Amino acid sequence: MSMEPAVTQELAAEYGLTGEEYERARRIVGRDLTWTELGIFSVMWSEHCSYKSSRVHLKRLPTTGPQVVLGPGENAGAVDIGDGLCAVFKMESHNHPSFIEPFQGAATGVGGILRDVFTMGARPVALLNSLRFGPLSRPKNRYLFSRVVAGIAHYGNCVGVPTVGGEVYFNDIYNQNCLVNAMCVGIARSDRLFLGQAKGVGNPVMYVGAKTGRDGIHGATMASEEFGENDEKRPTVQVGDPFTEKLLIEACMELMAGDYIEGIQDMGAAGLTSSSCEMASRAGTGVEMNLDLIPCREEGMTPYEMMLSESQERMLLVARPGYEGKVREIFEKWDLEAAVVGRVTDDGMLRLLFQGRTVAEIPAHPLAEEAPRYERPMAVPDYLDALQGFDPYSLAEPKDMGAVLKALLASPTIASKEWVYRQYDHMVQVNTVVAPGSDAAVLRIRKDGEDTGRYLALTTDCNSRYVMLNPYTGAALTVAECARNVVASGARPLGITDCMNFASPERPEVMWQFAMAVEGITDACVALDTPVVSGNVSLYNETLGLGIYPTPTIGMVGLIENGRQPVTADFKDDGDIIVLVGTTNDDLGGSEYLAVWHSRELGIPPQLDLAMARRTNDAVLRLMDTGCVKSCHDAAEGGLAVTLAESAIAGGIGCQVGLDSRGVLRRDAVLFAESPSRFVLTVAPANRDIMAETLGESGVPFAEIGWVRGDRVQMGIDRKLTVDVSLAELAAAWRDAIPRALEGGNTP
Amino acid sequence: MTIGIVVFPGSNCDHDVEHVIGRVCGAKTRFLWHKETSLEGISAVVLPGGFSYGDYLRCGAIARVSPIMEEVRRFARQGRPVVGICNGFQVLVEAGILPGALVRNASLNFICRPVSLRVERTDSPYTTGYLERQVVNFPIAHADGNFQADAETLRRLEGEGRVAFRYCAPDGRVDPAANPNGSLGNIAGIFGTTRNVLGLMPHPERNAEGALGDASGRPFFAGLLNHLAEVTA
């Protein structure tokens, strides 16, 4: 240990602690820090682990409601899904590692979020991914995109958890910072949730799973910095082993079927450090560990390396007294390590022993919870006035609206993501009722193997262009769109997880974006009754001073119950009546149409009336209760025209619709405006009256706009045929766009 | 009558097969841990899909030396039903219980999607519930399902009527366009020298219930159970 450097303020600064933070750490331990302690403070107080810039804002989010079984603060949150079951879910970012090494970065992102869910006692039943890349015209982006998808497939397919949904957006702003957000959903008995708490003084602390190696040391610190020009950060990226994770899932499920443990937590960011001090902090206890007992992959590992390693597929648990043997027996059956490495104490300290010496002794609660919190300065960005002041009607209206529609369908953000989800096993576990490609993925819920007649609807979304143009409205629109996705599938929204991807919090305009986005999420969640039960913050998504668009990704869980059946987006039968629920306004600001056709990302995003959003969702669900809705699709990017075309392509049958400008809208707005709170649904002609009656009673605007028919997509405006394209042509544009772009061809 | 479902470390369709045979079809099942060495009381053996040992080497290359595989080999030689689905097929091939090889898909990517299959024979324990040349829909989910064999082996498989299922168009046409992975002769599944042993890449258990599709995978398991009932009767 003579090799250890003396800890000074200068050294602490190299490890990312400010002078003030270093002094605070010294005050907490009451003396100079040891080198191991410095490492522990530097990771625990990194932005990634401590949320030091974001906490003051996040506390405003609504987190309660009758459906909430467990709110934020544990490894994942949970909502009630009936029959004594709950859905346990969370979304997390793995942006920085995925940009450095896309395959392993994405794979370990999946592995980490799985552990957050099964550590709660929930069997993981679904994975979703929200991805952002620069355009596929650049070779680097094609590499990142295809390797991220391969990494997700590698991990998810092998562990046997279906990857059922998500989204992919492409925009220049992600050229130097791709985003990889992974969400996992599990199902547990509500009365058998396991928490990350080191309860019971004297109880044995056990290490289970894979051995500890030297990989990923300071991963959390790396993820709390922006990228520079020639950084070599590859060694901070961990390597995932989905096979071991699969064994770990099965061993934990077997363990949790009995009453052998008091608490358990996965070793994610900051590994052994965060799991031990957080478990002690939550239980108001201390944890003492003898590091000589840690199962190590390599010889000669120092306490510093062991405490900071982010080796994957490991968990820390507190066993009930006398059950150490039982725990060991289960893990040995699955060929996994299981070792008693310490015990729970009553002195509130995280104490680490190594070769007979105490190498660290830190009060656990202050370490976990008393990182400095910053109210960082905020400022309205100066770009906003110029961008928002733009009037889309100042642009010339395109002549050939059919060509615009085709271009939109072929833009990679809107185009079919089949190339992606084909590579994911989305069917394993035999619960997937609605596969990827519809508005939300739908899974049947089984209890002890038996169908409950209920279904989960899952979706993720974020239109970051809207958030850039107006963080408050953009974030609220994101929540509202998630809710529409879930409702279009027949489900009532239950709750959300948020994954806040932003640039450097040290820039006042980024902190302003953050605060406004939290405000928007808060108001939307209150209005739509979807509390936030878990979440994650990823800051410093910026390179050489250029930050990403603020991207607060939302993952939402909804429930289909009371006999309502899942609904899909595809048109079903010739002659069905097409109904537009909601009103189209001239909401072209920030639209995909402006971006794709006019190469402009500006304007004012659509105004969102949250009360109307709620009313519209409720009306659609009520109509679905009558059983007469044959298809339903939410109108989003690309507007009404793209929505209709997507339903037609998915159903393999065309449509004839007549739309109305009401004398105020331009034709491009009628077709491509992205006004919120709109659905396109179909009913059989025989059910026209019940449809009109049910929607009429609800007081939301709706109109019959046409029929499912033929092999062309035809749209008229004010009785003038405006779009008339063969379905086959549109389908080809939509299907082939991403495969063609990956071949290195031109992207629109 | 108990159906044994072998669990290798990394098997991940074991619970799905158990659900379909046990709950949907109402038969008795038992998970067989790969370290077990007896098949006593077992009427048929299923090797389920998944990634045995992570499949970090050739798929199935490690699972084939698991202790239980000696018993499975003996069981198969006795003429009793052994079926390998997806990874289970790969294990049977690696173990030499079935001929040929399953190599990387022609696209080089993992593929998960529904496919149509033509039932080539109805005189096996698994296919009595189908009509000859019936088209069924079992999804595939694999990276290494491209069936290859030398010319002599292929000639024998075809000549002896040992091709169980072929990838086909929804109307039953067997053509290259309906081949998802490059398999010779659009072969999706083959029998052993006797038809008690079957290996197939597609997953009948993923389409055995109305909630998930047209349930055309259900007669696969119902047929096996009927066969066993007749044999024991």
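## Exercises on a predicted two-chain model

Leaving aside neighbours within four places in sequence, L317(A) is in contact (heavy atoms within 4.5 Å) with P204(A), V205(A), M206(A), V208(A), L255(A), I261(A), G263(A), I264(A), M279(A) and V327(A). This is a predicted model, where local features need pLDDT of at least 70 and side-chain atom pairs count only at pLDDT 80 or more, while totals for chains, interfaces and linings use all residues. Residues are numbered from 1 along each chain as its sequence is written, chains are lettered from A and ligands numbered from 1 in the order in which they are written, and side-chain values use heavy atoms, with hydrogens and water left out.

**Exercise 1.** Place L317(A) in its strand and decide whether L317(A) counts as buried or exposed.

*Solution.* Start with the strand: L317(A) sits in β10 (residues 314-319) of chain A. Helices (H or I, at least four residues) and strands (E, at least two) are DSSP runs, numbered from the N terminus. Next, accessibility: L317(A) counts as buried because its relative accessibility is 0%. Here, buried means under 20% relative accessible area, exposed over 50%, and partly exposed in between (1.4 Å probe, protein chains only). Last, try a distance: the C-alpha atoms of L317(A) and R115(A) are 13 Å apart, with the two positions 202 residues apart along the chain.

**Exercise 2.** Work out the strand order of the seven-stranded open sheet in chain A, then look at what lies across it.

*Solution.* Go strand by strand and you get β23-β25-β22-β26-β24-β27-β28, with mixed pairing. The edges are β23 and β28 (720-726) of chain A, each pairing on one side only. From one strand to the next, the twist averages 20°. (Axes are lines fitted to C-alpha atoms, for helices over the stretch in contact, and angles run from 0 to 180 degrees between N-to-C directions.)

Now take the β23 end. Strand β23(A) (residues 629-634) has five of its six residues buried, so it is largely enclosed by the rest of the structure. Its partner β25 (residues 679-683) runs antiparallel to it over five bridges, and two strands pair if DSSP finds at least two bridges between them. D634(A) stands opposite F679(A). Helix α19 (residues 471-488) of chain A lies across β23 and β25, at about 165° to β23(A).

At the other end, β27 (residues 712-717) and β28(A) pair antiparallel over six bridges, with I717(A) opposite K720(A). Helix α16 (residues 401-409) of chain A crosses β27 and β28, running at about 45° to β28(A).

**Exercise 3.** Find the turn residue with a positive phi in the β12-β13 hairpin of chain A.

*Solution.* First, the strands: β12 (residues 349-354) and β13 (residues 357-363) run antiparallel, joined by six bridges. One facing pair is L352(A) and A360(A). Then the turn: two residues lie between the strands, and Q355(A) is the one you want, with a phi of about 50°.

**Exercise 4.** Why is α2(B) described as largely enclosed, and what does it pack against?

*Solution.* Count first: seven of the 10 residues of α2(B) are buried, so the rest of the structure largely encloses it. Among them are I68(B), M69(B), V72(B) and F75(B). Then check the surroundings: the buried residues pack against β1 (2-7), β2 (28-33), β3, β4 (82-85), α3 (87-94) and β11 (197-200) of chain B. Finally, step just past the helix, where G79(B) takes a positive phi of about 85°.
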